[in-house]
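Colleague: Could you take me through one part of this model at close range? I would like to hear about the metal site and whatever around it you think deserves a look.

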Amino acid sequence: QRNAQSNNVRFELARVEQQRRSSPEDLPQALKEVLDSNALEMRYQPKVDLRSKSIKSVEALVRWPSDHHQSVPTNVLIDTAEQYGLIEQLTLQVVNKVFQEAAQWQARGLQLIVWVNLSARLLSLEQLPKLLARALEVWNLPASAVGLEVTESAFIHDIDHTTALLFELKRLGFKLSIDDFGTGYSSLAYLRRFPIDELKVDKVFVQGMMDSMQDKQIVQSIISLAHNFGLSVVAEGVEHEANLNVLRMMGCDEIQGFYFAHPMPSTQLFSWCEQFHRDFHDKL
Ligand code: C2E
Ligand code: MG
Ligand code: MG
Ligand code: MG
């Protein structure tokens, strides 16, 4: 009894210490300051198209400012923004940075579609389509150059509202993708109901399939399912060539992962794409 109690106390102390370390002083306040000074940074990770052996699109991923005295992982950054009512401000900042940088690529003749992650919570924001449309105007970017990645968890809230919103975004010309497919409440009804273009297989399955027959079957099923619905499939989290080869045999359309590239600053994209066409093209 006594032993169990002291174990509990020790456990509780460890938990508090863990919490203290993972939430540096006043993260919400620090985030607010970063947002107010427009200091978030963007990185871009290519999606490699296996059929054309080329880069048609990249995914935008937000980063805590690299010169900040503290460092915060992206998932913590997003969670904090959601929890403290800052996700709208964060998204506006991300969208404006991304559209500006994407317009610069276009001006330099680099035709890339840029995919932006949208927080599930944002789908309840009534003005979302209007805000996105205005940002396109400001940066003089066509909607056809932009895709939106939404996770499945976005769909469980208000299904009618979500459906209407997705149709409105589609009408404006954005491409739509379901991110982390297979990890949430995947419902086949979504595929029929929503105007989506792409499924992204979560990296849990992509990485798991090298050891697990079940994960491999899940990945194969998602690919078949997507193709039966006329959707394109992207596998995320590809780190090894063996992984890539299995996905190619399975008919996966696009690949993303550290095997090809880590997320990089906008300024590196141009030379990276050039180098890709030199070095990788023949290997694929
Ligand atoms: P996600 O959209 O599923 O993005 C994939 C994550 O996997 C990214 O983490 C990416 O850096 C990482 N990744 C890419 N290739 C590999 C690989 O080969 N191996 C491994 N182990 N990881 C890989 P990141 O950048 O830390 O982002 C985490 C999540 O945060 C994203 O997951 C997305 O849900 C969210 N997020 C990122 N940027 C934004 C944003 O601008 N707005 C919103 N709302 N959410 C964002
Ligand atoms: Mg994503
Ligand atoms: Mg994902
Ligand atoms: Mg993921």
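Modeller: Happy to; I will start with the metal ions, then turn to some backbone and side-chain details. Please keep in mind that this is a predicted model.

Let us begin with the magnesium ion (ligand 2). Its protein donors are Glu59 through OE, Asn117 through OD1, Glu149 through OE and Asp179 through OD, and they lie 2.0 to 2.2 Å from the ion. If you want to find these donors in the sequence, look for the spacing E-x57-N-x31-E-x29-D. Glutamate 59 sits in strand β2 and aspartate 179 in strand β5, so this pair ties together parts of the chain that are 120 residues apart in sequence. Are these two residues, glutamate 59 and aspartate 179, buried or exposed? Both glutamate 59 and aspartate 179 are buried.

Now to the magnesium ion (ligand 3). Here the coordinating residues are Asp179 (OD), Asp180 (OD) and Glu236 (OE), at 2.0 to 2.4 Å. Along the chain these donors are spaced D-D-x55-E. Distant parts of the chain are linked here as well: aspartate 179 belongs to strand β5 (residues 175-181), while glutamate 236 is in the loop between β7 (232-235) and α10 (241-250), and the two are 57 residues apart. Glutamate 236 is buried, as is aspartate 179.

What do the two sites share? The residue to look at is aspartate 179, which coordinates both the magnesium ion (ligand 2) and the magnesium ion (ligand 3). The two ions are 3.9 Å apart.

Next to aspartate 179 in the sequence comes a residue with a backbone detail you may enjoy. Aspartate 180, also a donor to the magnesium ion (ligand 3), has a positive phi of about 55° although it is not a glycine. This aspartate lies in strand β5. Its relative accessible area is 22%, and because buried means under 20%, aspartate 180 counts as partly exposed.

Lysine 53 is another non-glycine residue with a positive phi, in this case about 50°. You will find lysine 53 in the loop between β1 (41-49) and β2 (54-63); strand β2 is also where glutamate 59 lies. With a relative accessible area of 27%, lysine 53 is partly exposed.

For a residue in a helix, have a look at threonine 162, which is placed in α6 (residues 159-172). Threonine 162 is buried, with a relative accessible area of 2%. Which residues does threonine 162 contact, leaving aside neighbours within four places in sequence? Those contacts are Leu123, Ala154, Phe155 and Phe194.

Finally, a word on the cysteines. How many disulfides does the count give? The count comes to zero. Cysteine 252 is in no disulfide, and the nearest cysteine sulfur to its own is that of cysteine 273, 19 Å away. Seen from the other side, the closest cysteine sulfur to that of cysteine 273 is in cysteine 252, and the two are too far apart for a bond because a disulfide calls for sulfur atoms within 2.5 Å. Cysteine 252 counts as buried at 3% relative accessibility. Cysteine 273 is buried too, with a relative accessible area of 5%.

Notes:
Residues numbered from 1 in each chain as written. Chains lettered and ligands numbered in written order. Predicted model: local features only at pLDDT ≥ 70, side-chain atom pairs only at ≥ 80, totals over all residues. Heavy atoms only, no water. Donors = N, O, S within 2.8 Å, 3.2 Å for Na, K, Ca; no water. Helix = DSSP H or I, 4+ residues; strand = E, 2+ residues; numbered from the N terminus. Buried < 20%, exposed > 50% of the residue type's maximum accessible area, 1.4 Å probe, protein only. Contact = heavy atoms within 4.5 Å.
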